[in-house]
Amino acid sequence: MMYTFKCKAAGDVIMTQADGDRLLQIIGKTSAAEGIIEVAAVNAAIQALENAVATEQANRHQAGKQASTQLLEAPAEDEVVELHQRIWPLVEMLKRARDAREVVVWGV
């Protein structure tokens, strides 16, 4: 399954099921074939996604410091797409939705 997030204020954002499920979980929604992010919930969704990115970056920084102090090489990351890259299109959609006072839906 693929998620297609839609909003009248932005172009569609398409994600794989795994990525869509993770982002929905971050914003407090359950994985579902259809759903909506109401106008009143858009700011909270943006904040939740930004907080998740900050937490992931802090954890990655801490892990890097620990590896350095133990004189271990950090594992090579082969073109890993980080959370901040995955959420960027959805955050941009949410910001446009907020500004236009529109909902974001998927599966409809």
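Here are four short exercises on the predicted model shown above, each with a worked solution.

**Exercise 1. Getting your bearings**

Work out how many helices and strands the chain has, and in which pattern they follow one another.

*Solution.* Start with the count: there are 3 helices and 4 strands. Next, walk along the sequence and you get β-β-α-β-α-α-β. Now for how the chain packs: 30% of the 108 residues are buried. Then take the contacts between residues at least 6 apart in sequence; 70% of these join residues at least 24 apart. Finish with the outside: the accessible surface comes to about 6,900 Å², and 51% of that belongs to carbon and sulfur atoms.

**Exercise 2. How far to trust it**

Find where in the chain confidence is lowest and where it is highest.

*Solution.* Begin with the overall picture: the mean pLDDT is 88, and 83% of the residues reach 70 or more. Then go element by element. Helix H2 (residues 42-69) sits at the bottom with a mean of 83, while strand S4 (residues 104-106) tops the list at 98. A word of caution goes with this: where pLDDT is low, don't read the predicted coordinates in detail.

**Exercise 3. A salt bridge between helices**

Take the salt bridge between Arg22 and Glu56, and decide which parts of the chain the pair links and whether each residue is buried or partly exposed.

*Solution.* First, check the distance: N to O is 3.3 Å, and the cut-off for a salt bridge is 4 Å, so the pair qualifies. Second, place the partners: Arg22 belongs to helix H1 (residues 17-26) and Glu56 to helix H2, 34 residues apart, so the pair links distant parts of the chain. Third, look at exposure. Arg22 has a relative accessible area of 38%, which makes it partly exposed. Glu56 comes in at 17%; buried means under 20%, so Glu56 counts as buried.

**Exercise 4. Two more salt bridges**

The whole structure holds 4 salt bridges. For Lys6 with Asp12 and for Arg98 with Asp99, give the distance and say how exposed each partner is.

*Solution.* Take Lys6 and Asp12 first: their side chains meet at 3.7 Å, N to O. Lys6 is partly exposed at 32% relative accessible area, and Asp12 is partly exposed as well, at 47%. Move on to Arg98 and Asp99, whose closest N and O atoms are 3.3 Å apart. Arg98 is partly exposed, with 32%. Asp99 reaches 60%, and the exposed class starts over 50%, so Asp99 is exposed.

Terms used. Residues are numbered from 1 along each chain as its sequence is written. This is a predicted model: local features need pLDDT of at least 70, side-chain atom pairs count only at pLDDT 80 or more; totals for chains, interfaces and linings use all residues. Side-chain values use heavy atoms; hydrogens and water are left out. Helices (H or I, at least four residues) and strands (E, at least two) are DSSP runs, numbered from the N terminus. Buried means under 20% relative accessible area, exposed over 50%, partly exposed in between (1.4 Å probe, protein chains only). Contact means heavy atoms within 4.5 Å. Accessible areas come from the Shrake-Rupley method with a 1.4 Å probe; for residues, only the protein chains shown count as cover. pLDDT is the predictor's confidence in each residue, from 0 to 100.
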